[in-house]
Amino acid sequence: MLTRHHDPIVATATAPGRGAVGIVRLSGRAIAPLVRALCGRDLLPRQATYLPFKDVNGQVIDQGLAIYFPAPHSYTGEDVLELQAHGGPMVLQLLLSACLEAGALPDPDADQPRLPRLRLARPGEFTERAFLNNKIDLAQAEGIADLIDASTETAARSAARSMTGEFSQAVTTLLEQLIHLRMLVEATLDFPEEDIDFLKQADARGQLQRLQETLRVLAQRAVQGAILREGIKVVIAGQPNAGKSSLLNALAGAELAIVTPIAGTTRDKVSQLIQIDGVPLHVVDTAGLREALDDVEKIGVERAWAEIRTADAVLFLHDLSRHDGATGSADAMKYIAADADIARTIGLNGFQSTKIIDVWNKSDLVSPATLAEPRPGVLMSARTGAGLAVLRQTLLEVVGWQASPDGLFMARERHVRALAGVQRELARAAAQLQAAQPALDLLAEDLRQAQTHLGEITGAFSSDDLLGEIFSRFCIGK
């Protein structure tokens with residue numbers, strides 16, 4: 001543990017702004033003298049004590065509750081003190097300053113000349129200390145951050161499962177099975193003179209197959225959890241007046257974008273976070289795709305293509321009313337040709353990984369004959385809402401969302417990548433086991449690499465850079 005992790009720390013643990021209650025949190029090793037100096041008395045462990053909060057000059061700042069959690073029975077695994085005062089910004093600032101200044105005072109009840117000096121905590125440092133002191137693993141720490149950031153009820157419940165260790169337990173169970181298989185392979189390598197074939201006797205191939213199946217299910221749940229956490233970026237694209245802004249309003253259930261009969265009304269992107277079946281969707285309405293008429297519209301069209309390039313899914317909107325009786329209509333044929341050009345542009349400019357859903361809008365304005373024509377995609381009317389439910393379900397299916405009957409845990413993209421790495425290594429190991437003369441040293445290395453990938457999820461194998469990246473995204477005071 002680095003020296004900085006030994007420093008006593010302090011921070012405001014509640015959100016900025018005014019509130020009924022605000023909390024200042026302290027954590028450190030052996031800070032009981034500091035607790036006594038700040039509170040003016042000894043505190044009973046884990047019991048709320050009502051008392052005045054004073055500055056270094058003895059002036060009362062506020063009155064509130066103080067709760068002392070001696071190590072190791074605390075959030076961080078160190079001594080923790082929480083001061084709960086009224087939630088005014090100035091009150092909390094004065095209380096924070098009093099804590100920082102207390103380190104300069106002598107301790108009248110001890111031989112040491114001064115009390116432990118506090119410093120301001122970095123973002124996520126309290127949770128980082130909980131991880132370093134083995135109170136939680138890395139996946140649980142990330143679950144805490146995801147619970148705070150959850151934007152839907154489903155996301156919050158899934159994050160809570162990760163925070164309480166459901167994801168970690170699944171990874172740990174898999175890890176134990178993998179270690180047992182490694183033990184068999186290492187035993188065979190260590191005792192080559194023995195006649196006993198450890199691997200066949202222990203059904204190593206069967207164990208590996210069961211391990212791969214368990215991993216497959218876990219990886220699938222992790223992918224769903226990553227979708228739930230990251231959300232899905234959905235871009236609404238198409239020619240002017242296809243009904244893109246109307247579709248955004250219909251999906252959001254609110255009048256967010258301006259809708260007029262005038263082509264080119266939307267000049268810039270309009271974004272909105274919505275949810276479908278608990279899955280967060282970042283929906284972006286874009287400028288109509290056409291040859292721009294002025295510089296402002298040109299910028300809007302360029303931004304539309306940039307959004308399409310980074311989308312998880314694109315709702316390619318077609319104006320079905322322009323197809324109604326299109327035969328012989330030069331204007332309609334021109335419109336259809338422009339739609340085909342947009343589709344070709346998407347296919348030729350590196351958008352192959354983007355999932356495209358053809359949406360045939362304005363079904364309420366066309367003849368029954370046009371409605372009866374088979375078309376790929378979804379038939380709907382953004383104005384009346386017809387077909388909207390089908391579009392929502394199609395969108396979830398296209399991006400790979402599958403609600404789990406057992407409930408989901410929250411996962412991140414790094415977890416998905418780590419599990420993919422485990423799958424890759426186990427596939428290599430399976431190929432070795434199926435060979436007539438398995439190369440046991442390569443098999444052992446494949447299993448070792450698989451274990452390393454699994455350890456990355458819970459933090460058993462983590463670089464300082466990874467930890468810094470994860471905890472720096474927490475709020476200060478957590």
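Glu-78 forms a salt bridge with Arg-129, and their closest N and O atoms sit 3.0 Å apart. That's in a predicted model, so keep in mind that everything here is computed. The two partners come from distant parts of the chain, 51 residues apart: Glu-78 lies in the loop between S4 and S5, while Arg-129 belongs to helix H3 (residues 125-132). Besides this pair, there's a six-stranded open sheet to get to know, plus a pair of helices, H4 and H16, that cross at roughly 20°.

**Salt bridges**
- Side chains of opposite charge can pair when their charged atoms come close.
- The count for this model comes to 26 salt bridges, and Glu-78 with Arg-129 is one of these pairs.

**The sheet**
- Strands of a sheet pair through backbone hydrogen bonds, either parallel or antiparallel.
- Here six strands line up in the order S3-S4-S5-S2-S1-S6, and the pairing is mixed.
- At the edges you'll find strand S3 (49-54) and strand S6 (119-120), each pairing on one side only.
- Helix H2 (residues 89-102) packs on the sheet and touches S1, S2, S3, S4, S5 and S6. The direction of H2 makes about 150° with that of strand S5 (79-87).

**Strand S3 and its partner**
- S3 and strand S4 (residues 60-69) run antiparallel, joined by six bridges.
- To spot this pairing, look for Leu-51, which stands opposite Gly-64 in S4.

**Strand S1 and its two partners**
- On one side, S1 runs antiparallel to S2, with four bridges between them.
- The hairpin of S1 and S2 has six residues between the strands, and there Gly-17 takes a positive phi near 110°.
- S1 also runs parallel to S6, and two bridges join that pair.
- Ile-9 is a handy landmark for both pairings: Ser-27 in S2 stands opposite Ile-9, and so does Arg-119 in S6.

**Helices H4 and H16**
- The axes of helix H4 (residues 138-149) and helix H16 (residues 464-471) come within 11 Å and cross at roughly 20°.
- Angles under 35 degrees count as roughly parallel, and H4 and H16 are therefore roughly parallel to each other.
- H4 passes H16 in a left-handed crossing.
- On the H4 side, the contact is made by Leu-138, Ala-141 and Glu-142; on the H16 side, by Leu-466, Leu-467, Ile-470 and Phe-471.
- Sorted by class, this contact has six nonpolar residues, no polar ones and one charged residue.

How values were computed: Residues numbered from 1 in each chain as written. Predicted model: local features only at pLDDT ≥ 70, side-chain atom pairs only at ≥ 80, totals over all residues. Heavy atoms only, no water. Pairing = 2+ DSSP bridges. Contact = heavy atoms within 4.5 Å. Axes fitted to C-alpha atoms, helices over the stretch in contact; angles between N-to-C directions. Parallel < 35°, antiparallel > 145°, perpendicular 65-115°, else oblique. Left-handed = near helix turned anticlockwise from the far one by under 90°. Nonpolar A, V, L, I, M, F, W, Y, C, P; charged D, E, K, R; others polar. Salt bridge = Lys/Arg side-chain N within 4 Å of Asp/Glu carboxyl O.
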